[in-house]
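Work through the exercises below with the sequence and the model at hand. Each task is followed by its solution.

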Amino acid sequence: MADFVTVGEASEVPEGEVKAFDVNGAEVAVARVDGALFGFSDICTHRHCNLANGGELDDHTIECECHGSVFDIRTGEVVNPPAEDPLETFQVQEVDGQIQIGV
Amino acid sequence: MSEGETPRSIVIVGASLAGATAAGVLRNEGYDGSLTLIGAEPDPPYERPPLSKEFLRGEIAFEDTLVRPATWYEEHGIDARFGTLATQLDARDRELVIAGGERIPYDALLVATGGRNRSFEVDGVELPGVLDLRTHRDALRIREAAADGARIVCVGMGYIGAEVAASLRSTGHDVTVVEIFETTLYRILGAEIGRVVEGIHRDHGVQMHFNDSVERFEGDGRLERVITSSGKRIDADVAVVGVGTEPVVEVMAGTGLDEGGGIPVDATLRTAVPGVVAAGDVARHDHPVFGPTRVEHYDNAIKMGEHAARVLLGSQDAFDDPHWFWSDQYDSKIETAGFAPTWNRMVVRGSLEERSFCAFLLDDGGVLRSTVSLDWKRDVRRSFELIRRRVAPDPAALADPEVDLRKLLPEEGE
């Protein structure tokens, strides 16, 4: 069972939005799609651009604004190159109006 | 080898984004035979988009642009020869001849030699200060020449000219443009969208002269001014010439495929020469949707490189990617999908005036051929399948931002 770290208020990530949080030095993006929260590394595996800031969330995919890499935020898998390596994913839960990320 | 067998030796000509991508896929998919990568440039393969943007502005280092770490090639058993010109393909004996005369045998060969800038034949083009941009070393030369507040003239306002103008304006330079057509990006995107981009550059203080061309460059020992056909005299320290590219096809001399419009390949990327495949900027591809097409896109170089690797290993699949491209200028982003050298009708969702829109280019039959957006999220990517499947969507639905483009796809099998 993972330990969870509280990073912010649930209201900080409304439907269809994505926001990055610092979790013990790791930059983790949290997105909300159809009510559910998804956590994944905020750093594109191609050239290390930030995904939450400038990336385009579209259903369960996010497109990096730098070179167009697209990832599935549920699994971290690459949907479109140039990225070759998947994103690390994180467990996320919402407890008492707080967002918690598994570490 | 006979067709259908896994090759024992593969040669990639062109240490380019397409070539390096293909090498990576070959090794990742378990090809462990001989693999040679030959590139004319002295550097390991790198990505060119930053050359007119972050790298030109001095924000990132060359190492940040490498397709793979410089040590990757040796680590993966690839005989990488950079700074080596491939001079001729001996199709009969399946050997590649390189400068110096060495002959490298191959079972299968990928040509990914890319393009070069078209030469610009006017008086004074040899003056120091008159530059162009294709390679990382070209970008370094522009960076050095543009130090200390140099006055810049961009010759040509295609994507390269527009990005160079934006980057050097962003670093505080005086920038003047001389463009032969009536507005920016005219030949690619047409006048309506071109004028929107022109407005962005004007608001950033770029001086633009349209319907004009360079008559000559003048200066005493180095560039001092640009003289245009209409008689304008523009004081300048640096001129960056961006008047288009041509494919590098010389290695195909003698095969009949060294065509000025690119090396012809079928839908799968195979040339008419057995065992020889071409990908990236150099390939004139018989695209299943667009017909014979040669594009110079970053994403296409990657995807064609990936596809070519699988074809080298025997795949018979056609390459039917709908093409995607972007351009960053100041804080604005242009995106395009598809291919439409001409179109019959343009439908806009959003607003050209407000510089936030997605434009749909339809052919005579109303079929969506290309999508162009400016600072508009999602819809270019959502239009890929409409383009690939040659859908003729309801124009009113295209114009309505509330309509999800994916809903305009007919059901599979319809």
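**Exercise 1.** Which residue in β11(A) is the bridge partner of A:Phe4?

The model is predicted: local features need pLDDT of at least 70, side-chain atom pairs count only at pLDDT 80 or more, and totals for chains, interfaces and linings use all residues. Residues are numbered from 1 along each chain as its sequence is written, while chains are lettered from A and ligands numbered from 1 in the order in which they are written.

Solution. Start with the strands, which are DSSP runs of E with at least two residues, numbered from the N terminus. Strand β1 (residues 4-9) of chain A pairs with strand β11 (residues 98-102) of chain A, antiparallel, over five bridges; pairing requires at least two DSSP bridges. Within this pair, A:Phe4 is matched with A:Gly102.

**Exercise 2.** Describe the hairpin that ends in β11(A).

Solution. Strand β10 (residues 92-95) of chain A runs antiparallel to β11(A), joined by four bridges. Opposite A:Ile99 in β11(A) stands A:Glu94. Two residues lie between the strands of the hairpin, and A:Asp96 has a positive phi near 55°.

**Exercise 3.** Compare the radius of gyration of chain A with the globule rule.

Solution. The radius is taken over C-alpha atoms, and the rule is 2.2 Å times the number of residues to the power 0.38. For 103 residues a compact globule would have a value near 13 Å; chain A has 13 Å, so the two agree. Along the principal axes, the C-alpha atoms fill a box of roughly 40 × 25 × 20 Å.
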